[in-house]
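Student: I am new to this structure and would like a close look at one part of it. Could you take me through that part slowly, and show how it sits within the rest?

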Amino acid sequence: MEFLAGRVCSATALENLLRDGEYYWRLKSSNGAVLWPKNIAGSISHSNNFVTAVTIKHSNEVQSIGVDIEKIMSTQKAIDLSQTILKCPTPSDMIMDITHYITLVFSAQESLYKAFSSTGITLSYEDIFCIGINKEKNMYITCR
């Protein structure tokens, strides 16, 4: 069901972007990556009963995009993942619950992974890490 919802959502996103009267069914390459039309970048994510797709036209500034939806993880999973995905100490003045914080960092990493992989660059969790979130909830992520 999620596959069909993703196909419909991505087709709708393309139609809204291009407004050319075509109905698009996204295709997948042999490695499972989405094949978007020429000069278009897109990303799809689904979790539970939600699905989203975003599309953009390539420009000098933007060649790819990534989006991710995550269910807030359990406390134990957040604690376990924090050792892998955080390269800085968890802030002592936590601006949000640890489960929300780690889920947010994980989702940002997933979005970056998707954006980079569509350009042929494969990153791992060791390559993308959060270096902080300030009180305004702006996230600072770096890649090596």
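Tutor: Let us begin with the whole chain before turning to the part itself. Among contacts between residues at least 6 apart in sequence, 42% join residues at least 24 apart. This is a predicted model, and its protein chain holds three helices and six strands, which follow one another along the sequence in the pattern α-β-β-β-β-α-α-β-β. Of the 144 residues in the chain, 33% are buried, while the accessible surface comes to about 8,800 Å², with 54% of that surface belonging to carbon and sulfur atoms.

The part to look at closely is helix α3, which covers residues 98-117. With 20 residues, α3 reaches 28 Å from its first C-alpha to its last, close to the 28 Å expected at 1.5 Å a residue. Buried residues in this helix include T99, Y101, I102, T103, V105 and F106, and further along the buried positions include S107, A108, Q109, E110, S111 and A115.

Some of these residues belong to the largest nonpolar core, a set of 12 residues in which Y101, I102, V105 and F106 are joined by others, including M73, A78, L81, I85, L86, M96, C130 and I133. The elements that give two or more residues to this core are α2, α3 and β5, the last of these spanning residues 128-133, and α3 gives the most, with four residues. In soluble globular proteins, nonpolar side chains tend to be buried together. There is also a second, separate core of seven residues, which includes A13, L14, I40 and I44.

Now follow α3 onward to S107, a residue of this helix that counts as buried because its relative accessible area is 13%, under the 20% cut-off. Leaving aside residues up to four places away in sequence, S107 touches D68, I69 and E70.

E110 lies in the helix as well, and, with the same kind of sequence neighbours set aside, E110 touches D68, E70 and Y125. Although E110 is buried, it has no salt bridge, and the nearest side chain of opposite charge, that of K114, is 5.5 Å away; a salt bridge would need the nitrogen to be within 4 Å of a carboxyl oxygen.

K114 does take part in a salt bridge, however, and its partner is D68, with 3.8 Å from N to O. This pair links distant parts of the chain, for K114 is in helix α3 whereas D68 is in the loop between β4 (50-57) and α2 (75-85), 46 residues apart. A search of the whole structure finds one salt bridge. The two partners differ in their cover: K114 is partly exposed, because its relative accessible area is 21% and the cut-off for buried is under 20%, whereas D68, at 14% relative accessibility, counts as buried.

To set this beside another part of the chain, consider S10, which is found in helix α1, residues 2-18. S10 is buried, with a relative accessible area of 1%, and its C-alpha atom is separated by 7.3 Å from that of V54, a residue 44 places away along the chain.

Returning to α3, the helix gives four residues to the largest nonpolar core, and D68 is touched by S107, touched by E110 and joined to K114 by a salt bridge.

Definitions and conventions. Residues numbered from 1 in each chain as written. Predicted model: local features only at pLDDT ≥ 70, side-chain atom pairs only at ≥ 80, totals over all residues. Heavy atoms only, no water. Buried < 20%, exposed > 50% of the residue type's maximum accessible area, 1.4 Å probe, protein only. Contact = heavy atoms within 4.5 Å. Core = buried A, V, L, I, M, F, W, Y, C linked by side-chain atoms within 4.5 Å. Expected span 1.5 Å × (residues − 1). Areas by Shrake-Rupley, 256 points an atom, 1.4 Å probe, with all protein chains shown as cover. Lys, Arg positive; Asp, Glu negative; His and termini not counted.
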